[in-house]
Amino acid sequence: MANYTGKQIYYFEELPSTNSYATELLLEQPPEGSLIQAGYQSAGRGQKGSRWESQAHENLIFSVIYYPTFLPINRVFQLSKMTAVALYDCLRHFLPKEEILIKWPNDLLVNKKKIAGILLENQFEGKHLRSSVIGIGLNVNQADFPEELTTKATSLALLQGKKIDIGDVLQRMMDSLEARYEELKQAKASSLDRFYLQQLYGYQEEVEVEIEGEGMTVMPVGVGLDGRVALVIDGVLKYFDIKEVKWMIPN
């Protein structure tokens, strides 16, 4: 059970963005683990300015505030890994038999379809990490998606064939997030790294991607400390930043 994650709750029927609200809330120094949850986001954000679309009150949309001052500034991507693994843990509880994968840098896939996304926003003080806002959108009960997403997105309800209690999913997510955060705090990053790679989409396999508009076959072999993905292309190891790689995931 979570001891502090999700104990202080700020709930809103609607917010433009839980991450934006959490960032403003940091001025008041809320307790670590504070949870900002919204029934609906009118301007939900994804990585690098992309939008997160979600039906009102059908899904889990929230942000959590942590103060990971113990983490060196050159290892901040560990927070992204930790969050992805925590999401994996939560999903595995509800979907014990499905294929669940982490798609670098910030998505969770079930049976090759997107079910959740992550948006981390870190605040720094000089050369030190001061705080982190971890935003998560998880499809729980949404059954209908825009036409362009019907073959690319899924939800817990679609996979289980029934409505899911969003509160149960939230509690499981708080427990998973705190457990993995404590693992990171206790300097157990190597075990997190191993688990993350084991669940990484395409890890040590040949997969199709698009880079600078060109389709190619690559082999993902890891993720650097700076968060760039390591791909072997024609026998050469290359690193790529967020949004430089488009994964061509088969339906």
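## N141 and its surroundings

N141 sits in the loop that links β7 (128-138) to α3 (156-160). Keep in mind as you browse that this is a predicted model. Although it is a loop residue, N141 has a relative accessibility of 8%, so it counts as buried, the cut-off being under 20%.

What does the side chain of N141 reach? One of its polar atoms lies 2.7 Å from the backbone nitrogen of I164. I164 also appears among the contacts of N141 beyond four places in sequence, together with E58, N59, S155, A157, K162, K163 and I166.

## Strand β3, covered on both sides

Let's move on to β3, which spans residues 60-66. How many of its residues are buried? The count is 7 of 7, so the strand is mostly covered, with buried meaning under 20% relative accessible area.

In a regular strand, side chains alternate between the two faces of the sheet. For β3, one side carries L60, F62, V64 and Y66, while I61, S63 and I65 are on the other. Residues on both of these faces are buried.

## The partners of β3

Which strands does β3 pair with? One of them is β2 (residues 35-41), joined to β3 in the antiparallel sense over 3 bridges. Another is β7, also antiparallel to β3, with 7 bridges between the two.

F62 is a handy residue to follow here. On the β2 pairing, Q37 stands opposite F62, and in β7 the bridge partner of F62 is I136. The strand β7 is also the one that comes before the loop holding N141, which brings us back to where this tour began.

Technical notes. Residues numbered from 1 in each chain as written. Predicted model: local features only at pLDDT ≥ 70, side-chain atom pairs only at ≥ 80, totals over all residues. Heavy atoms only, no water. Helix = DSSP H or I, 4+ residues; strand = E, 2+ residues; numbered from the N terminus. Buried < 20%, exposed > 50% of the residue type's maximum accessible area, 1.4 Å probe, protein only. Polar contact = N/O pair within 3.5 Å; in protein donor to acceptor, adjacent residues only side chain to side chain. Contact = heavy atoms within 4.5 Å. Pairing = 2+ DSSP bridges.
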